[in-house]
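Me: I'd like a close look at one strand of this structure, including what it pairs with. After that, please carry on to the surroundings.

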Amino acid sequence: MNYEGRITKVRGVLADNGVDALLVTNLTNARYLTGFSGTNAQVLITGDRAIFFSDPRYEARAAALVEGALLNPAAYSHTSRAIADAIRGIGYPVIEVHLSNIHARDEWRRTSVTAEAARGIVAGFGPHSYVAALHALRELMEG
Amino acid sequence: VRALVVHGPNLNLLGRRELSVYGSATLDEVNALIGTTARSLGIDVEIHQTQREGEIIELLHAGIDRVEGALLNPAAYSHTSRAIADAIRGIGYPVIEVHLSNIHARDEWRRTSVTAEAARGIVAGFGPHSYVAALHALRKLMEG
């Protein structure tokens, strides 16, 4: 399947209609665009990037598709050495994202074992943590 | 809108010390990147660097009623300075803590930041681009 061609076609439609980005959340549509056959997939298509979102179960399979990831491990941040090992093993950059400022909450939330393995962390800006992290990810993927 | 950028101790040595941790960009180059990004976001930035804990506090105080937000890289003071944390709590405008390196992936003593506890949030680990991502977050905080 020519997934790149399908994504390029979507980009054409976006450009024709003056739309900056398309977030695909329907699983069938996401599969059509990427070939990914897991049970959790979203794709964000912009003029020059296609960003794939899933969950940690699919890290190994997603590695074949993506060049970088944003990961919000939520409470697992503070306990999961397994997710940390996965981040170290997958070979593409991962940025840890938190909605809240983990440094300003319970003592046990201040240490993140997954952030130890990630390239960096963005925390405290609500949904805009993801926006800021995408800017950083873009630089990491270029560099 | 106006924002402060305050670089803490030793950041004047950027591009000269521990290149594997902090990268090869000099502080001037980092400041140029901050300036370009800020302009594109419609933010007027005023940039300072100091080695002194007390001067960081004075710079934050001087921003009251003059700036709408700040990026602060307290460097090693992050891990010790309750005085800077108190200043951040007192000034009434949002402060984002910024680090070039991923403080969670280095020495144990670097993993806790007492200043981040007072800041609105933290961006760490992306070299000079930590400031770029933080400016995008700051812009949203200043709008909100």
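Reply: A quick definition first: a residue is buried when its relative accessible area is under 20%, exposed when it is over 50%, and partly exposed in between (1.4 Å probe, protein chains only). This is a predicted model, so local features need pLDDT of at least 70 and side-chain atom pairs pLDDT 80 or more, while totals for chains, interfaces and linings use all residues; side-chain values use heavy atoms, without hydrogens or water. Residues count from 1 along each chain as its sequence is written, and chains are lettered from A and ligands numbered from 1 in the order written.

The part I'd pick is β6 of chain A, residues 120-123. (Strands are DSSP E runs of at least two residues, helices H or I runs of at least four, both numbered from the N terminus.) Look at how its side chains alternate: A:G120 and A:V122 point one way, while A:I121 and A:A123 point the other. Whichever way they point, all of these residues are buried.

Now for the neighbours. Strands pair when DSSP finds at least two bridges between them. Within its own chain, β6(A) is joined by 4 bridges to β5(A), residues 94-98, and the two run parallel. If you want a spot to anchor your view, A:E96 has A:I121 as its bridge partner in β6(A).

β6(A) also pairs across to the other chain. Here 3 bridges tie it to β5 of chain B, residues 121-124, and this time the strands run antiparallel. A:I121 turns up again, with B:A124 as its bridge partner in β5(B). So A:I121 has a bridge partner in β5(A) and one in β5(B).

Follow that link into chain B and you find 5 helices and 5 strands, running β-α-α-β-α-β-α-β-β-α from the N terminus on. Its C-alpha atoms fill a box of roughly 35 × 30 × 25 Å along the principal axes. Of the 144 residues in chain B, 58% count as buried. A contact means heavy atoms within 4.5 Å; among the chain B contacts with a separation of 6 or more, 79% are between residues 24 or more positions apart.

Two residues in chain B deserve a glance at their backbone, and both sit in the loop between β1 and α1. B:N10 has a positive phi of about 75 degrees despite not being a glycine, and at 35% relative accessibility it is partly exposed. B:E18, another non-glycine, has a positive phi near 40 degrees; its relative accessibility of 44% makes it partly exposed too.

Back in chain A, there is another antiparallel pair: β2 (residues 42-46) and β3 (residues 50-53), joined by 4 bridges. A hairpin of 3 residues connects β2(A) to β3(A), and A:Q42 is matched with A:F53 in β3(A).

Just ahead of that pair, the loop between α2 (27-34) and β2 of chain A holds A:S37. With a relative accessible area of 39%, A:S37 is partly exposed. Leaving aside residues up to four places away in sequence, A:S37 touches A:R31 and A:R61. A:G91 is 54 residues from A:S37 along the chain, with 21 Å between their C-alpha atoms.
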